[in-house]
Amino acid sequence: MEEKRTNNEQTESTPKRAILCAIHPQNGENECLISLNELERLLETAGGVSLAYMTQMREAPDSKTVFGSGKVKELSDMCTALECELVIFDCELSPSQIKEIENAIENPVQVIDRSMLILDIFADHARTAEGRLQVELAQLRYTAPRLVGHGKELSRLGGAAKSNGIGSRGPGETKLEIDRRRMKEKISALEAELDKVAKNRQTMRSQRERSGIVQCGIVGYTNAGKSTLLNALTGAGILAEDKLFATLDTTTKQYQLPGGVKILLTDTVGFIRNLPHHLIKAFRSTLEEAVYSDILMIVIDASDPEYASQVKVTTELLTELGAGDKPILYVFNKCDCHTDKNELFAMRRLAESTKDEIVFISAKTGAGLDALAEKLESMVNKGKKRVKLFIPPEDGAVTGLIYQLGDDVEVSYEEDGIHVSVTADEKLLGKIAKYIIEE
């Protein structure tokens, strides 16, 4: 158990004081501590402060209170001693477990789990209409089974959002006793609205695909620097903060490579270990931007000692989304924050497990961005061929497609037809295959 005390007097505007709890199997203490450290960062992002960690070695959580009875008594005593308001478990809690734990703690506290905390952050950070719809849907799906027979925890959800309102943002703020029927109706209405948004997004994707411009998705663990990178490359001017999940909404910007070819870069919502299923489902249309990308840039916080596990989480989620087979450029960011020795160590570790491209940068200082652009250009040009075409006069309209999708286009109009030389990628080659006379 690790304890961190604070002597500050509690006021309405001060952060909520919390104890973070977790169980771990034998020899799993180190992994548990890593996860709790991340949970603490999530709490700080939500506007809270961690007073202590409490852990217990167990192979499985107690069905009623997660911890054993002795540990729960210890937790109760600590809550009283530290004047704690909030207890957060690093595993998902059932409604009955929340009720049993709150009843077992003498000092009145609110008990939530990791998923509820992440949902709270998403509710606070959603900016666009789509983002707010996605968050509200995820919250309702998570909250619905927890509404009946658990008035104690719900009684604290009401009222206007406050700076210390962790676990109380979003749906349920103004109506605490909403019944299941109305909840299902609301969920159905939100799903219908998001279906419309998803169709609009698919239309935009189809338009981008028809344009023939290569699409590159910027993906990675939360707070790896994806938005900062997009800003550095394109001047997008989107919000970039040193916080978890600062960006929830996708942004697509055009970027010109050194050779003059233009591509589209799309910033996406960050990943995190144990991302709630409700969020993956609600944000699926947004996350699928990665599925429709031609190239993926996986941005990695090279200054984080846990970068390897974060890469693993990212690649597993990409595989789950159906984007695991895309060409990948691993971008080690924040290289201004550590030594060359660490860079070499990171490169060696990753090189052992992948044949994909790797580059080291600092999006903040601009170091390495030229090398990144060269890597991207190499990947974009991979598979391109210089071909000569003969196009019959009656098919002359196809030259418009060639000008649109091809590079270094040379056209000569002769009596017998149109003679063309063009550098084409695999997409264009498939469309003009019948006209190729020389490769």
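Two strands count as paired if DSSP finds at least two bridges between them. With that criterion in mind, I begin with strand 12, residues 385-391, and strand 15, which pair in the antiparallel sense over 2 bridges. In this pairing, L389 of the chain stands opposite I436 in strand 15.

Before I continue, a word on confidence. What we are discussing is a predicted model. The chain has an average pLDDT of 82, and 83% of the residues score at least 70. Among the elements of the chain, strand 4, residues 86-89, has the highest mean pLDDT, at 96, whereas helix 6, residues 151-154, has the lowest, at 42. Over residues 148-163 the pLDDT is below 50, and this stretch has 37 contacts in the model beyond near neighbours in sequence. Another such stretch is residues 2-12, where pLDDT stays under 50 and the model has 24 contacts beyond four places in sequence. Where pLDDT is low, the predicted coordinates should not be read in detail.

Let me return to the sheet that contains strands 12 and 15. It is an open sheet of 4 strands in the order 13-14-12-15, with antiparallel pairing. Strand 13, residues 407-413, and strand 15, residues 436-438, are the edge strands, and each pairs on one side only. On average, and with direction ignored, neighbouring strands of this sheet are turned by 30 degrees against each other. Helix 14, residues 398-405, lies across strand 12, strand 13 and strand 14, the last of these being residues 418-424. The direction of helix 14 is at about 155 degrees to strand 13.

I turn now to another sheet. This open sheet has 6 strands in the order 7-8-6-9-10-11, and its pairing is mixed. Strand 7, at 251-256, and strand 11, at 357-360, stand at the edges; each has a single partner strand, so one side of each is left without a neighbour in the sheet. From one strand to the next, the twist averages 25 degrees.

Both senses of pairing can be followed at strand 8. Strand 7 and strand 8 pair in the antiparallel sense over 6 bridges, and I263 in strand 8 is the bridge partner of Y255. These two strands form a hairpin with 5 residues between them, and in the turn G260 has a positive phi of about 100 degrees. Strand 6, residues 215-220, by contrast runs parallel to strand 8, residues 262-267, and 4 bridges join the two. Here G217 has T266 in strand 8 as its bridge partner.

What lies across strand 6, strand 9 and strand 10? It is helix 11, residues 307-321, which runs at about 150 degrees to strand 9. Strand 9 covers 295-301 and strand 10 covers 328-333.

The loop between helix 10, at 284-287, and strand 9 contains V291. From C-alpha to C-alpha, V291 and L318 are 8.0 Å apart in space, while they are 27 residues apart in sequence. Leaving aside neighbours within four places in sequence, V291 is in contact with L321, G322, A323 and K326.

Finally, I come to the helix packing. Two packed helices are described by the angle between their axes and the distance between the axes. The axes of helix 4, residues 114-125, and helix 5, residues 129-143, come within 9 Å and cross at roughly 155 degrees. Because angles over 145 degrees count as roughly antiparallel, helix 4 is roughly antiparallel to helix 5. The crossing of helix 4 past helix 5 is left-handed. On the helix 4 side, S115, M116, L119, D120, F122 and A123 meet V135, A138, Q139 and Y142 in helix 5. By class, this contact has 7 nonpolar, 2 polar and 1 charged residues.

Helix 4 also packs with helix 1, residues 29-46; their axes come within 9 Å and cross at roughly 35 degrees. Helix 1 likewise passes helix 4 in a left-handed crossing. From helix 1, the residues S35, E38, L39, L42, L43, T45 and A46 meet R114, L117, I118, D120, I121 and H125 in helix 4. The residues of this contact divide into 7 nonpolar, 3 polar and 3 charged. D120 of helix 4 is thus listed in the contact with helix 5 and in the contact with helix 1.

Note on methods
Residues are numbered from 1 along each chain as its sequence is written. This is a predicted model: local features need pLDDT of at least 70, side-chain atom pairs count only at pLDDT 80 or more; totals for chains, interfaces and linings use all residues. Side-chain values use heavy atoms; hydrogens and water are left out. pLDDT is the predictor's confidence in each residue, from 0 to 100. Contact means heavy atoms within 4.5 Å. Axes are lines fitted to C-alpha atoms, for helices over the stretch in contact, and angles run from 0 to 180 degrees between N-to-C directions. Angles under 35 degrees count as roughly parallel, over 145 as roughly antiparallel, 65 to 115 as roughly perpendicular and the rest as oblique. A crossing is left-handed if the near helix is turned anticlockwise from the far one by less than a right angle, and right-handed if clockwise. Ala, Val, Leu, Ile, Met, Phe, Trp, Tyr, Cys and Pro count as nonpolar, Asp, Glu, Lys and Arg as charged, and the others, Gly among them, as polar.
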